[in-house]
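User: Hi! I have a new model open and would like to talk it through with you. Could you help me find my way around?

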Amino acid sequence: MRNEQLKMWILSALFAAIIGIFAQVTIPLPLIPITGQTFAIGLAVTILGLRYGSLSVFIYILLGAIGIPVFSGMSGGLGVVAGPTGGYIIGFLPAAVAIGLYLEKFGFTKIQAIIANIIGMIVTLAFGTIWLKFSADLSWTGAFMGGVYPFLLVGVIKAVLSALAGVAVRNRLLHAQLLRVQH
């Protein structure tokens, strides 16, 4: 049992690194860039489940907050977390929990994973937009136009891709007995 738990902790750390790598895939926009972070977060939780997927997101946020340059643009530190993109970063953890809870309740099927990842996208955008409104002193309309609207289509695409890839990888890892279902 101890070896299994250690393996899952290692996988969580590995996925934290994967999230940091995908964070460097960016499309710059005026206020908030489009990044690969949410894709990697959805992938991590869809593969690892609630407990270890959320742990990987927590590790990623912690690494960035202490200054390791894992956030987009090879940035890190509390200044980034407190800045205009901080709400999205903080929202990654509740999004991971929402994805994981949904999948644990309804199953790790393709359709359920798509729904779960879209819910995660909405959670991330909600946290990010609220934070953006106050940190950048924007109106609600301005925060929505800068913090939600540009990300809706690409967010849905990333949610679908991370769900489909995550279910496929999870099923293969389970079949190969490299991953165990956590109860």
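User: Let's start with Gly-86. Which helix does Gly-86 lie in?

Analyst: This is a predicted model, and in it Gly-86 is part of helix H4.

User: Is Gly-86 buried or exposed?

Analyst: Gly-86 is buried, because its relative accessibility is 0%, and the cut-off for buried is under 20%.

User: And what does Gly-86 touch, leaving out residues up to four places away in sequence?

Analyst: With those left out, Gly-86 touches Val-80, Val-81 and Trp-131.

User: How far is Gly-86 from Ala-40?

Analyst: Their C-alpha atoms are 18 Å apart, and the two residues are separated by 46 residues along the chain.

User: OK, moving along to Ala-96. Where is Ala-96 found?

Analyst: Ala-96 is in helix H4. Ala-96 also counts as buried, because its relative accessible area is 0%.

User: Which residues is Ala-96 in contact with, neighbours within four places aside?

Analyst: Ala-96 has contacts with Ile-41, Val-45, Ser-54 and Val-57. As for Thr-38, the C-alpha atoms of Ala-96 and Thr-38 are separated by 9.4 Å, with their positions 58 residues apart along the chain.

User: Nice. Let's zoom out. How many helices and strands does the protein have?

Analyst: The secondary structure comes to seven helices and two strands. Reading from the N terminus, the order of elements is α-β-β-α-α-α-α-α-α. The radius of gyration is 16 Å, close to the 16 Å from the globule rule for 183 residues, so the protein is as compact as a globular protein of that length.

User: What box do the C-alpha atoms fill?

Analyst: Taken along the principal axes, roughly 50 × 35 × 25 Å.

User: And what share of the residues is buried?

Analyst: Buried residues are 45% of the 183 in the protein. On the contact side, if you take contacts with a separation of 6 or more, 68% of them are between residues 24 or more positions apart.

User: Now the empty space. How do you even find it?

Analyst: You roll a probe the size of a water molecule over the atoms, and that shows where empty space is left.

User: So how many cavities of 30 Å³ or more are there?

Analyst: The count is one cavity. The largest cavity has a volume of about 110 Å³.

User: What lines the largest cavity?

Analyst: The lining of the largest cavity has 14 residues, and Thr-38, Ile-99, Asn-117, Gly-120 and Met-121 lie nearest its centre. Helices H2, H4, H5 and H7 each supply at least two residues of that lining. By class, the lining breaks down into six nonpolar, seven polar and one charged.

User: And the largest pocket, what volume does it have?

Analyst: The largest pocket has a volume of about 310 Å³. Strand S2, H2, H4, H5 and H7 are the elements that give two or more residues to the lining of the largest pocket.

User: Which residues should I click on to find the centre of the largest pocket?

Analyst: Ile-32, Pro-33, Thr-35, Gln-37 and Tyr-88 lie nearest the centre, out of 21 lining residues. The lining of the largest pocket divides into twelve nonpolar, eight polar and one charged.

User: Change of topic: what about the backbone? Which phi does Asp-137 have?

Analyst: Asp-137 has a positive phi of about 55 degrees, although Asp-137 is not a glycine. Asp-137 lies in the loop between H5 and helix H6. Asp-137 is also exposed, because its relative accessible area is 69%, and exposed means over 50%.

User: And Gln-177, what is its phi?

Analyst: Gln-177 is not a glycine either, and its phi is positive, about 60 degrees. Gln-177 sits in the segment after H7 and, at 65% relative accessibility, counts as exposed.

User: One last stop, Ser-75. Where is Ser-75 found?

Analyst: Ser-75 is in the loop between H2 and helix H3. A polar atom of the Ser-75 side chain lies 2.8 Å from the backbone oxygen of Ser-72.

User: And what does Ser-75 touch, not counting residues up to four places away?

Analyst: On that basis, Ser-75 touches Ile-68, Pro-69, Val-70 and Val-80. You may remember Val-80 from the start of our chat, where Gly-86 touches Val-80 too.

Technical notes
Residues are numbered from 1 along each chain as its sequence is written. This is a predicted model: local features need pLDDT of at least 70, side-chain atom pairs count only at pLDDT 80 or more; totals for chains, interfaces and linings use all residues. Side-chain values use heavy atoms; hydrogens and water are left out. On a 1 Å grid over the protein atoms alone, a cavity is a set of points where a 1.4 Å probe fits but cannot get out, and a pocket is an open set with protein on both sides within 12 Å along at least five of seven lines; lining residues have an atom within 4 Å of a point. Grid points are joined across faces, edges and corners, and a volume is the space filled by probe spheres set on the points. Helices (H or I, at least four residues) and strands (E, at least two) are DSSP runs, numbered from the N terminus. Ala, Val, Leu, Ile, Met, Phe, Trp, Tyr, Cys and Pro count as nonpolar, Asp, Glu, Lys and Arg as charged, and the others, Gly among them, as polar. A polar contact is a pair of N or O atoms within 3.5 Å; within protein, one must be able to donate a hydrogen and the other to accept it, and residues adjacent in sequence count only if both atoms are side-chain atoms. Contact means heavy atoms within 4.5 Å. The radius of gyration is taken over C-alpha atoms; the globule rule is 2.2 Å times the number of residues to the power 0.38. Buried means under 20% relative accessible area, exposed over 50%, partly exposed in between (1.4 Å probe, protein chains only).
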